[in-house]
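Hello,

I am handing over the structure we spoke about. Please look through it first; my notes on what was found follow below.

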Amino acid sequence: MLKLLSILAFIVIVSCGAFVFLLCRQALPVMDGIVGLPELERPVRVYFDQRAIPYIQASSKVDLNLAQGYVTASERIFQMDMLRRMAKGELSEIFGSACLPQDKLARTLGFTRLAKKDYGLLSNETRSLLKAYCLGVNAYINQNSNRLPIQFFALAYRPRLWQPEDSLAILKFLEYQVDESWRLDEFRNRIINKAGGKLASRMFEQNLQSHEVKTSMLDLPGFKPLLQPQAKHANLGFGSNAWTVSSAISNSGGCLIACDKHTFFSAPDLFYVCSLRALNTHVAGATIPGVPGIIMGRNDDIAWAMTALKADVQDLYIEQFSDKYPLKYRIPGGWSDAVAITEEIPQRFAGNLLTKILETRHGPILIKSDNTGVALSWTGFHTKRSSLETIFQLNQMSNPAEFRKILEGYEGSPQTFLYADRVGNTGMQVAGAIPVRKCDRKINNYLFTDGPVILPGWNDDCAWIDKLKFADLPSQWNTAEGFLVASDPRNPFITTSNSDIAAQRIVAVLQAYKKNAQHLDLPEMSSLQGDQSAYLESLVKAEIASALRQVQTADKFQFQALSALTKWDGQLHPESGPACIYESFLVTFLRRVLDAKIGRELVNEYVQRWPRWSIFVARALRDKPAELLPPGERSYTTLILTSFSESLKNLRMTMKSDDPQSWSWKRLHKIDFLESSKSLGVASSVAPVIMPGPLGVGGDQDCVNACNIEVSHTPWLLQATCGPSERLVIDMSDRDKFYQNLTLGQSEHLLSSYRTDQLRSWLNVEPHAVAFSDKQVKLQMQHTLVLSNTYQ
């Protein structure tokens, strides 16, 4: 009997495995042959290279966008639907009540309402192209309703047809993620309340001593759940790098441009690469699944890229509501009425939930209790022009004048745009909506905000009075130095952090090349993208060595570790043992200094929310302020030694070895795609199937090749959640010198050979050619698909 049951169980397991295999297999997109697409005006040819990057050739821009929608959906439809649901607050419809906090926040912020408004602002041409993109997505959904990716089968649902507002909602949602600073404002406020403005000023590199605001959103019922959705996206955009090199100092005689976009690690990647060609249109680069057009890349004449400026474009306001009239809230000189909006959130396994949203003059109320509410102001609520217009216009531009004119009308998330063209021009232009507050200070023609904490909503002491004029935003063209670097610390501007360590490193390397009369080429650009130099290497070595010299007793492990550090080249390579010692010491020292003042929970949150925490450590080690010494420590010598000893103890336990030569940084520093899925709305039951396993990486938050550090719950595991999810290098002297790389690959399909095929190249910083010219297409073509308007 037992033998029979074992045989039956084996048959069931094999049958289920075969069934899943067949589901995954039949969901793979068609890449060769002919597919009927009657929505097209004329046939479209799609060539795929060895990494499944599509080169789409159409006869018109409408057909081109329709085909882009179809091809993108064939590889990323589940991701597109997840992004749409995150933006529109519809995750609970699939995953149940666990996603309600995230859905409530999305409904409160109103991405769907904003998308509808943006759709009404679109030009006729942009609206036509967006509709064509949606037609292509819907053609894929309709044609493949019985062969969709297995994620849909596992979750027992099918995606709804794609609407123009879906694309616009995703675009707005991603802009919000880049701009989000209100959690940081609230976090600063908690630090001030816990330890005072002086310590907060040291921790955040800003003068916060005048902001003794004794108000905590944590005191409001229901706030903690609100704080969690997308919390790990708070650092989105920190660490991105971009720079240009002029033809005068390039080896080829053409302008060079490099960019690496740093985002939250996810599977699949946030970006999708494609090449598009139609009459009067030829453009290639990175796209966002669900949004038409190319957001960064090149066309026939110019190349462009951008990095997030991280300006403070969000403020929190405490609103005082009337005890007797629930909608009335206090304003200067009297009262005003809040606008009430009711949203219905569908829930799986439960009835639909009605949620009431209030909007004041500052913005939507995030949380309300009795007569107190907290409102969010964000520039994204007030835009009069969709960023989709800017994307399409940048795809078509041909010279610096057009570039500046396009960006003058851009009202999206503040970005530093880089430009390079075929005739030798390089440029940098900051663009986007940045508020001017009544309490802002102007120093050396640059604006510094005094609104980094929660503000009283009943007065206008720090009210938004205007936005910065385009003419006042930084702009540089064809500099004598021969290169331009986004976030160059020599040209500070209003941001949430004016200490961009990676940009300092890029500037230093480019200066060294120029000083030595060495011309740069794409290999040097890629090498710089992969730079993993430790920011505080010299300081840490010197301080530990000095402390050990001043004591008579030190154990052999400390001397072994110091010896390893002394011989270290300062590179945070994945295999490096000294890198473990360096990073472990920094984290331990930070905890020793701050634990007694703000508590371990806030220290861990500080590491997560403020990527520039190492600057605080550096200043503490250099300046040695007495007020930062923890209780029981009389000098920095003993503090450094006890921190060093504790960090080594943790390393020995984690590595299960006392020999630093056997340690490796990648064993501590890992990307966990499974963990990241929890912030992307993917159910824990499905995530292990669709996510790659943990991956050891090098670098840290201060490198050019920045993979951040977060202190996880796993003992002494320093998790990487953000990093360069896309890299791009272009030489404008030759249209075939166009290289790009994603973290994982183009496809989300489980059995696709293009799902993780770029991972090794990403780890080794080895970008691959993107087909742009007809000659390169012929060389790289692996598959040919014809989308026919007549084929049945």
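Pro268 sits in the loop between S5 and strand S6 (272-278), and the peptide bond leading to it from Ala267 is cis, with omega near 5°. Helices (H or I, at least four residues) and strands (E, at least two) are DSSP runs, numbered from the N terminus. This is a predicted model, in which local features need pLDDT of at least 70 and side-chain atom pairs count only at pLDDT 80 or more, while totals for chains, interfaces and linings use all residues. Residues are numbered from 1 along each chain as its sequence is written, and side-chain values use heavy atoms, with hydrogens and water left out.

Two other loops hold a residue with positive phi that is not a glycine. Asn478, with phi of about 45°, is in the loop between strand S24 (475-477) and strand S25 (483-485). Val765, with phi of about 55°, is in the loop between helix H24 (759-763) and strand S32 (768-769). Buried here means under 20% relative accessible area, exposed over 50%, and partly exposed in between (1.4 Å probe, protein chains only). Asn478 is partly exposed at 41%, whereas Val765 is buried at 15%.

Next, the cavities. A cavity is a set of points, on a 1 Å grid over the protein atoms alone, where a 1.4 Å probe fits but cannot get out; lining residues have an atom within 4 Å of a point. Grid points are joined across faces, edges and corners, and a volume is the space filled by probe spheres set on the points. There are 6 cavities of 30 Å³ or more, and the largest has a volume of about 430 Å³. Its lining has 24 residues, with Lys261, Ile288, Ile295, Met306 and Gln415 nearest the centre of the cavity. Elements that give two or more residues to this lining are H8, strand S5 (256-264), strand S9 (302-308), helix H12 (387-396) and strand S17 (415-421). The lining divides into 14 nonpolar, 8 polar and 2 charged residues (Ala, Val, Leu, Ile, Met, Phe, Trp, Tyr, Cys and Pro count as nonpolar, Asp, Glu, Lys and Arg as charged, and the others, Gly among them, as polar).

As for H8 itself, 16 of its 16 residues are buried.

On aromatic contacts, rings of Phe, Tyr and Trp (its six-membered ring) pair if their centres lie within 6.5 Å; planes under 30 degrees apart count as stacked, over 60 as edge-to-face and the rest as tilted. The count is 21 aromatic pairs. Tyr70 and Tyr140 have ring centres 5.9 Å apart and planes at 80°, so they are edge-to-face. Tyr70 belongs to helix H2 (residues 61-88) and Tyr140 to helix H6 (residues 124-143), so this pair ties together parts 70 residues apart in sequence. Both Tyr70 and Tyr140 are buried. Phe321 and Tyr329 make a tilted pair, 6.0 Å centre to centre with 50° between the planes. Phe321 is buried at 3% relative accessible area, and Tyr329 is buried at 2%. Ring pairs also link Phe111, Phe173, Tyr176, Trp378 and Phe381 into a cluster.

Phe321 has a further contact: the charged end of Lys368 sits over its ring, 4.9 Å from the centre (NZ of Lys or CZ of Arg within 6 Å of the ring centre and within 35 degrees of the ring normal). Likewise, the charged end of Arg188 sits over the ring of Phe204, 5.3 Å from its centre.

Regards

Conventions: 1 Å grid on protein atoms, 1.4 Å probe; cavity = no way out; pocket = protein on both sides within 12 Å on 5 of 7 lines; lining within 4 Å.
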